[in-house]
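Biologist: Could we go through the charged side chains in this model, please? I should like to begin with the pairs.

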Amino acid sequence: MNFLSDCSSVGRRDYSEDEARAMGGEPVFLNVYDMYWLNNYFSPMGIGIYHTGIEVNGSEFAFGGHPYSFSGVFEIIPKESTELGENFKFRESILLGYTRLSSSSIEEIVDQFGDDFRGETYHLVHKNCNHFSMALSRILCGAEIPTWVNRLASLTACLPFFQRCIPGEWLTPVALANNLREYDAIEEVNSDQQRLV
């Protein structure tokens, strides 16, 4: 099946949802969430830490990391930041284009993405939720997501010094899991030592 023949880019970002439907398809939105309070300070400078998901047909699809070898792609209620966690706040929704793909075709595509976007492959700089949103948007409507959304990861990838400044456990879920195991082991040793005293 040629999915690209059933999608097209709106070409501008100010169409209403009704206008997009009138053009022959379902609107495809990029939902952007602020991560952490730092964005209050850094986003005016053109950088920030953002989570994104693609909304289509009343569902939002995104990618997140975990230390296992199954899909990291998940579905949430659109714009519902409480499902993401307390450090997330919905920022804005950007109309990327529209798609004429059926709901079942979209579900098939998202399922296929789970093979490439497995939880343990998540990397804060090289393969994050914004990379997923870009790939899914290209398939659904042929549109790119705005560059500012993933600018911090792009800068960090180009300037390895910045990546070395980021704590390793922030980069991948596997590193985080290993760090937590080490922390638990240290805590257990400390607890044993305190019982002996």
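Modeller: This is a predicted model. In it, R91 forms a salt bridge with D34, and the closest N and O atoms are 2.9 Å apart.

Biologist: Which parts does that pair tie together?

Modeller: R91 lies in strand β6 (residues 88-99) and D34 in strand β2 (residues 26-35), so the pair ties together parts that are 57 residues apart in sequence. D34, R91 and E92 are linked in a network of salt bridges.

Biologist: Is D34 buried or exposed?

Modeller: D34 is buried, with a relative accessible area of 10%. R91 is partly exposed, at 34%.

Biologist: How many salt bridges does the structure hold?

Modeller: The structure holds 6 salt bridges. One of them joins the side chains of E55 and K79, at 3.0 Å from N to O. Here E55 is in strand β3 (residues 50-56) and K79 is in the loop between β5 (73-76) and β6, so this pair ties together parts 24 residues apart in sequence. E55 is buried at 11% relative accessible area, whereas K79 is partly exposed at 35%.

Biologist: Turning to the surface, which residues form the negative patch?

Modeller: The patch is formed by E75, E107, E108, D111 and D115. Helix α3 (residues 103-116) gives the most to it, with 4 residues. D111 is found in helix α3 and is exposed, with a relative accessible area of 58%.

Biologist: And S137, is it buried or exposed?

Modeller: S137 is buried, with a relative accessible area of 0%. S137 is found in helix α4 (residues 129-141). Leaving aside residues up to four places away in sequence, S137 touches I54, L96, G142, A143 and I145.

Definitions and conventions
Residues numbered from 1 in each chain as written. Predicted model: local features only at pLDDT ≥ 70, side-chain atom pairs only at ≥ 80, totals over all residues. Heavy atoms only, no water. Helix = DSSP H or I, 4+ residues; strand = E, 2+ residues; numbered from the N terminus. Buried < 20%, exposed > 50% of the residue type's maximum accessible area, 1.4 Å probe, protein only. Contact = heavy atoms within 4.5 Å. Patch = residues over 30% accessible without salt bridge, like charges linked within 9 Å, V, L, I, M, F, W, Y side chains within 5 Å. Areas by Shrake-Rupley, 256 points an atom, 1.4 Å probe, with all protein chains shown as cover. Salt bridge = Lys/Arg side-chain N within 4 Å of Asp/Glu carboxyl O. Lys, Arg positive; Asp, Glu negative; His and termini not counted. Charge placed at Lys NZ, Arg CZ, Asp CG, Glu CD.
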